Each structure stands twice: as structure tokens, then as C-alpha cells.
Amino acid sequence: MRRPLVAGNWKMHGSRESVAALVAGLPQVRLEVDVAVFPPYVYIPQVLEALADSAIGVGAQNVSEQRQGAYTGEIAADMLRDIGCRYVIVGHSERRSLYGESDQQVADKFIAAGTEGLIPILCVGETLVQREQGETLAVIARQLDAVIAAAGLEAVCAAVIAYEPVWAIGTGKTATAEQAQQVHWAIRQRLGATGENTRLLYGGSVKAANAAELFAQPDIDGALVGGASLDSAEFGEICKLA
Ligand code: PEP
């Protein structure tokens, strides 16, 4: 039995004041569902403190693949663990496309996170052009296989995988439940028996209005939510549906 996870990626939004308001409005977590939020780095301590008595987990949106040293501007996995983070997102499409992260770098970040006991949420997804050219499953397999080759199948299966079609992120266009399920099923096949309990999240313009249909699919175990996670009431509704 896979326990659903709803993760809120706040991206580069917020201020001390708005973060306090957002956290105050977060839902009470039901025992059978995991919820986590991913604030910008500088607000993580504030959120950890505010959620100290809550079951809601906190994670980072990115991590360095390096352990420590002269890497100006980078944050290491052991620093995230040290302050109390439980999760880290790796390979988000914005990191891949805007910051040029390669499959290998994503794999290295995945390993750095896992080595420190953080749970990586590994994002994979195709662009619109790749979907239109019929390359969706090949792209997902390439992104996944790069991490499996570097970190091993067991480590990938112990993590969380988020399928996020790039064309659905922040665009208001959601993959249909069938499109999402098809890719989730393919990911599950790739993981084989070891991946029976691996949580596969869908991400891409998830909101309360479309979450129930997505969550009803047999291989969708929750969501990675961007824009809608900045509205605590909307995010709470999504969590209730998981
Ligand atoms: C995301 O950033 O991971 C995401 C899915 O964003 P949105 O929900 O806004 O499409």
C-alpha cells in the first residue's frame, strides 16, 4: 500500500510575512497522507520552526552535487539535513532548462541527497515538442535510467519520482488523467517489482478541480504542486483529495 504524498513547491516566491501566513493556513495532516512543502532556501528555517509540532515535512527545491568546499552560492545536502529538511527536489524541469542541469548532474544531486538521508523527489518529464514527436516514453526512460545507472535501482525505488510534463508546468494545461497514468505505468514497469511501493507523483498545473481524477489513477500516488501550493486553502483541498 503506497501512502500518498502531496508536495508544495513554492519556487522563488514569498517574504517572511507571506510565508508566515501560508504556513498558518496549511492543512492538518491526515494520518494516511504525507504532506511536504518546499520553500525558498532562506525561508526553510522559518518554516521548520513554524511546523515543528506538525507532521508536515519540509524540503529544499535544489541541492548541490558537491559535499563541501569552494562552491560559491551552493547548498550541500548535509546542511539541509542538519537544519531538519526531510526531502529535496532534484531535476526539476526549471533547473534542467534554465540552469542547464544534465541527466548526470541530476544523478549526482540525487546521490548527494540520498547519502545524507534526505528523500529525493526526482522530477522527469518531456517537452511539448518531444511529446508531439512521440518521444515521451523515451525521454522519461533516458532521464530515469541516468539516475538508475548512477545510484542503483534500489535507491531510485526508495525515493519519490515526480512525472512533470514540461508543457503542463505553470501553464494551466494539465495532462489528462489517462496521459498521466500512461507515463506513470511506464515508469512503474521500468522499476519492476522493486518499485511496487515507490511513490509516483504527478505534477503540472494540479489544482483542487483536477486532483481527484488524477489521484483516482492506479499509478498516481500524489502530486507535486507549484502555483496552487501558494494558496493554503487550495493546497489544503488538494491534500484532502489525496
Ligand atoms: C512545479 O513547479 O513542479 C509545478 C508542477 O508547477 P505548477 O503546479 O504551477 O504547474
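**A tour of pockets and cores**

Start by selecting helix α4, residues 93-98: this helix gives the largest share of the lining of the largest pocket, three residues. Keep in mind as you click around that this is a predicted model.

Now widen the selection to the whole pocket. The lining takes in 15 residues, and the ones nearest the centre are Lys11, Met12, Gln61, Arg95 and Tyr99. Show those five as sticks and you'll have the middle of the pocket marked out. The volume here is about 470 Å³. Colour the lining by class and you should get eight nonpolar, four polar and three charged residues.

Next stop: the second largest pocket, with a volume of about 200 Å³. Pick Gly170, Ser205, Val206, Gly226 and Gly227, which lie nearest its centre among 17 lining residues. Colour this lining by class too: nine residues are polar, five nonpolar and three charged.

Time to go inside. The largest nonpolar core has 60 residues, and Val37, Ile187 and Tyr202 are the ones with the most contacts within it. Select helix α9, residues 177-191, for the largest share of this core, five residues.

Stay with Ile187 and bring up its partners. Leaving aside residues up to four places away in sequence, Ile187 touches Val124, Ile140, Leu144, Ile161, Tyr163 and Leu200.

Last selection: Leu5, Ala7, Ile121 and Ala162. These are among the 12 residues of a second core, separate from the one you just left.

Notes
Residues numbered from 1 in each chain as written. Predicted model: local features only at pLDDT ≥ 70, side-chain atom pairs only at ≥ 80, totals over all residues. Heavy atoms only, no water. Core = buried A, V, L, I, M, F, W, Y, C linked by side-chain atoms within 4.5 Å. Buried < 20%, exposed > 50% of the residue type's maximum accessible area, 1.4 Å probe, protein only. Helix = DSSP H or I, 4+ residues; strand = E, 2+ residues; numbered from the N terminus. Contact = heavy atoms within 4.5 Å. 1 Å grid on protein atoms, 1.4 Å probe; cavity = no way out; pocket = protein on both sides within 12 Å on 5 of 7 lines; lining within 4 Å. Points joined across faces, edges and corners; volume = space filled by probe spheres on them. Nonpolar A, V, L, I, M, F, W, Y, C, P; charged D, E, K, R; others polar.
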